[in-house]
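Student: I should like a close look at one helix of this model and at the packing around its buried face. Please then place that helix beside other features of the chain.

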Amino acid sequence: MISHRDSNAQRIAALDERAEALKLKRGMGIADARAMHPSIDVVEADAEADRRLLEGLADWCDRYTPLVAIDGEDGLFLDVTGCTHLFGGERAMQDEILTRFFQQGFDVRAGLASTPGAAWAAARFHGDRIVAFGEEEALLAPLPLSALRIAPETRASLESVGLRTAGAVMAAPRAPLARRFGATLLLRLDQALGRIDEAVSPRLPVAPLSVERHLAEPVVLTDDIERLVSRLAVALKTDLERRGEGARALALLLFRVDGAVSRVTVGTSRPLREPTLIRRLFHERLAALEQDIDAGFGFDLVRLSVLSVAAFDMLQGDLTGEMVDDDADIALFADRIRARLGDAAVLKPVVVESHLPERAVTTVPFAEAPQRRMPATGRAAPPMTIYPPERPVRLFRSPEPIEVPATEMPEGPPMNFRWRRALYRVARAEGPERIAAEWWRKLPGEEEAPTRDYYRIEDSEGRRYWLYRQGLYGASQASPRWFMHGVFA
């Protein structure tokens, strides 16, 4: 038996057939059960482990339909509309699901109906039944009130007035029921009968495009999986060309024969639909996850899905028929590195609207960086040529303080300075380049940052530095301070 804590008491949460034969029931206190049968074996429930198991079963059910939702703590909703013919019909599909679950060691019940409420009742109270369209009322009428999925308090109130079955509720006047027991009761009843639509929210977003291959002989080797990826990518390319789109994120689902599912995803920095390039990305990703993917007895179903798409801009060639895209090779290289090492492995500098050196450029993941637009000629538009003041090759993330002798002249560059415990003598200097604070970014009540005067300095040994004086002499009581912000080549 499985126990759980309910209202400061340990109660039976689940039990097997042998425990049921001992007249034990769900909800009974563990103390009472042990008093009746001292030798019973009780295991504490692990809600998190049960949740992971249910999610794993939901992943496995993706082989039948992408619309899989979790129902409470022990159920799944599968929207199989338009999918049953792929498995030989409704009865053949339901029998296959039950058989496969039984082979995996699970004792499950299934019901199939035109409404989620009727299917839920058929599975919970009949175990294996297919309800034809229009037979929902006949199914529910003899069932207890719990078949309507109403709260225990509402169910107890209905039973107190003599309404003990769903048929009794359906035969009673609706207006008094709504006034006394609330609108939820009638809502659940109408949903089960199909008078009101009930949406089933899938746990995962539905992919715009998917292709799959059922295998008579399960595959185990990574090379075989990659060959299947190439074949599936060819089928995807046709659909993507028809839609004028390219894939920005793809997922490879590997369904193992014993029920486990491995999900491998890759992202692209640009819309992609070439099968060879898609295989290269998954080659890198599979190589990185080789130790984490357990093939077991093999995969009998392989599915390639496009998770997100974007418009695919066709390149127009020149008179020789050649199409040049200078950024394509860089994008593919970055995507392969990201597939093997993660999105944070490749960063790209992006210009920010700020004139402060440490804020002027930031790094973002390569896929999130803005792409240059391709004109009709097929070549990237050249950027506008701007010649800013010379900047150091290495800019420190945070300026480092330096010591300047107090005897130095208040204006102009220093003659000597100490940085990292070493003394440097200035041979040449150029500047200043004055950079004021960004006063429009200042928060209310915040002091305005001091003005900076930057100098390009060359010491007696030919090394070049970029340092600045923070603050102006005579502008405040505090003396200006000096900082090292970068070094030149």
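Tutor: The account below begins with helix α4 and then turns to the cores, a sheet and some backbone details.

This is a predicted model, in which local features need pLDDT of at least 70 and side-chain atom pairs count only at pLDDT 80 or more, while totals for chains, interfaces and linings use all residues. Residues are numbered from 1 along each chain as its sequence is written, and side-chain values use heavy atoms, with hydrogens and water left out.

Helix α4 comprises residues 90-103; helices (H or I, at least four residues) and strands (E, at least two) are DSSP runs, numbered from the N terminus. Its 14 residues reach 20 Å from the first C-alpha to the last, close to the 20 Å expected at 1.5 Å a residue, where the expected span is 1.5 Å times one less than the number of residues. Buried in α4 are M93, Q94, I97, L98 and F101; the term means under 20% relative accessible area, with exposed over 50% and partly exposed in between (1.4 Å probe, protein chains only). Seen down the axis, these buried residues fall within an arc of 130 degrees, so they line one face of the helix; the arc is that of the directions from the helix axis to the C-beta atoms. An α-helix has 3.6 residues a turn, so residues three or four places apart point the same way. The cover over the buried residues of α4 includes α3 (47-60), β5 (75-78), β6 (110-112) and β7 (128-130), contact being heavy atoms within 4.5 Å. On the other side of α4, F102 and Q103 are exposed. Just after the helix, G105 takes a positive phi of about 95 degrees.

The largest nonpolar core has 30 residues, of which I225, L250, L252, F282 and L304 touch the most other members. Such a core is a set of buried Ala, Val, Leu, Ile, Met, Phe, Trp, Tyr and Cys residues joined through side-chain atoms within 4.5 Å. Helix α11 gives the largest share of this core, seven residues. Leaving aside residues up to four places away in sequence, F282 touches V229, L250, A251, L252, V264, V266 and L304. Another core, of 23 residues, lies apart from it and has L143, L145, L185 and L189 among its members. L189 belongs to helix α10 (residues 183-193) and is buried, with a relative accessible area of 3%. With residues up to four places away in sequence not counted, L189 touches L148, V169 and M170. The C-alpha atoms of L189 and M170 are separated by 7.9 Å, although their positions lie 19 residues apart along the chain as a sequence separation.

An open sheet of three strands follows the order β2-β1-β3, with mixed pairing; two strands pair if DSSP finds at least two bridges between them. At its edges stand β2 (9-14) and β3 (43-44), each with a single partner strand, so one side of each is left without a neighbour in the sheet. Strand β1 (residues 2-6) runs parallel to β3 and is joined to it by two bridges; S3 stands opposite E44 in β3.

Most residues other than glycine have a negative phi, and most peptide bonds are trans. R149, in the loop between α6 (136-140) and α7 (152-160), has a positive phi of about 60 degrees and is buried at 16% relative accessible area. R420 also has a positive phi, near 55 degrees, but is exposed at 51%. A cis peptide bond joins G431 and P432, with omega about 5 degrees.
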